[in-house]
Amino acid sequence: MRDLYGMDIATAVFAKACGGPCTEGCVTLAYVGEGVWAIGDSKRPEKEPLRFTTDEIAAAGIDPERFGLSA
């Protein structure tokens, strides 16, 4: 098992990833690389984004393409 939190996300580009007609865009999503994604909260930028694999993102029903992102 790899260390998802050992990956550098300093250059990751986060996109708004709300599921509805939200205009605040509180959930953010970024492809980190090597099948790893980061999910953050724009309302709490001081909190480190959580990391997930592509399989975990898919199992949660999140489609990155919906938000203009791809692996």
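Reader: Let me start with a detail: where does Glu-34 lie?

Author: Glu-34 sits in the loop between E2 and E3. Keep in mind, as we go, that this is a predicted model.

Reader: Thanks! What is the phi of Glu-34 near?

Author: Its phi is near 55°, a positive value in a residue other than glycine.

Reader: And is Glu-34 buried or exposed?

Author: The idea is to compare the relative accessible area with a cut-off, and exposed means over 50%. Glu-34 has a relative accessible area of 62%, so this residue is exposed.

Reader: How should I judge confidence, and what does the protein chain average in pLDDT?

Author: The general caution is that predicted coordinates should not be read in detail where pLDDT is low. Here the protein chain averages a pLDDT of 88, and 90% of the residues score at least 70. Confidence is lowest in E1, with a mean of 88, and highest in E4, at 96.

Reader: Now the fold. Which pattern does the protein chain follow along the sequence?

Author: Reading along the sequence gives β-β-β-β-α, that is, one helix and four strands.

Reader: In what order do the strands sit in the sheet?

Author: The sheet is open, with the order E1-E2-E3-E4 and antiparallel pairing. To find its edges, look for strands that pair on one side only: these are strand E1 (15-16) and strand E4 (50-53).

Reader: How many bridges join E1 to E2?

Author: Two bridges join these antiparallel strands. For a place to look on screen, find Ala-15, which stands opposite Leu-29 in E2.

Reader: While we are in E2, why does Thr-28 count as buried?

Author: Use the cut-off again, this time the lower one: buried means under 20% relative accessible area. Thr-28 has 12% relative accessibility, so this residue counts as buried. Thr-28 lies in strand E2, and leaving aside neighbours within four places in sequence, its contacts include Phe-14, Ala-15, Ala-38 and Ile-39.

Reader: Which residues make up the largest nonpolar core?

Author: There are eight in all: Leu-4, Met-7, Ile-9, Ala-12, Ala-30, Val-32, Val-36 and Ala-38. Strand E2 (27-33) and strand E3 (36-41) each supply at least two residues of this core. Apart from it lies another core, of seven residues, among them Ala-17, Trp-37, Ile-57 and Leu-69.

Reader: What is Ala-30 in contact with, beyond its neighbours within four places in sequence?

Author: Ala-30 is in contact with Ala-12, Val-13, Phe-14, Val-36, Trp-37, Ala-38 and Leu-69.

Reader: How many aromatic pairs does the structure hold?

Author: The structure holds one aromatic pair. For the geometry, check the distance between ring centres and the angle between planes, where over 60 degrees counts as edge-to-face. Tyr-31 and Trp-37 form this edge-to-face pair, at 4.8 Å centre to centre with 65° between the planes. Tyr-31 is partly exposed, with a relative accessible area of 26%, whereas Trp-37 is buried, at 2%.

Reader: Last one: how does the radius of gyration of the protein chain fit a compact globule?

Author: The approach is to set the chain beside what its length would suggest. With 71 residues, a compact globule would have a radius of gyration near 11 Å, and the protein chain has 12 Å, which agrees. Its C-alpha atoms fill a box of roughly 35 × 25 × 20 Å along the principal axes. Of the 71 residues, 34% count as buried.

Note on methods
Residues numbered from 1 in each chain as written. Predicted model: local features only at pLDDT ≥ 70, side-chain atom pairs only at ≥ 80, totals over all residues. Heavy atoms only, no water. Core = buried A, V, L, I, M, F, W, Y, C linked by side-chain atoms within 4.5 Å. Buried < 20%, exposed > 50% of the residue type's maximum accessible area, 1.4 Å probe, protein only. Contact = heavy atoms within 4.5 Å. Pairing = 2+ DSSP bridges. Phe/Tyr/Trp six-rings, centres within 6.5 Å; stacked < 30°, edge-to-face > 60°. pLDDT = per-residue confidence, 0-100. Rg over C-alpha atoms; globule rule 2.2 N^0.38 Å.
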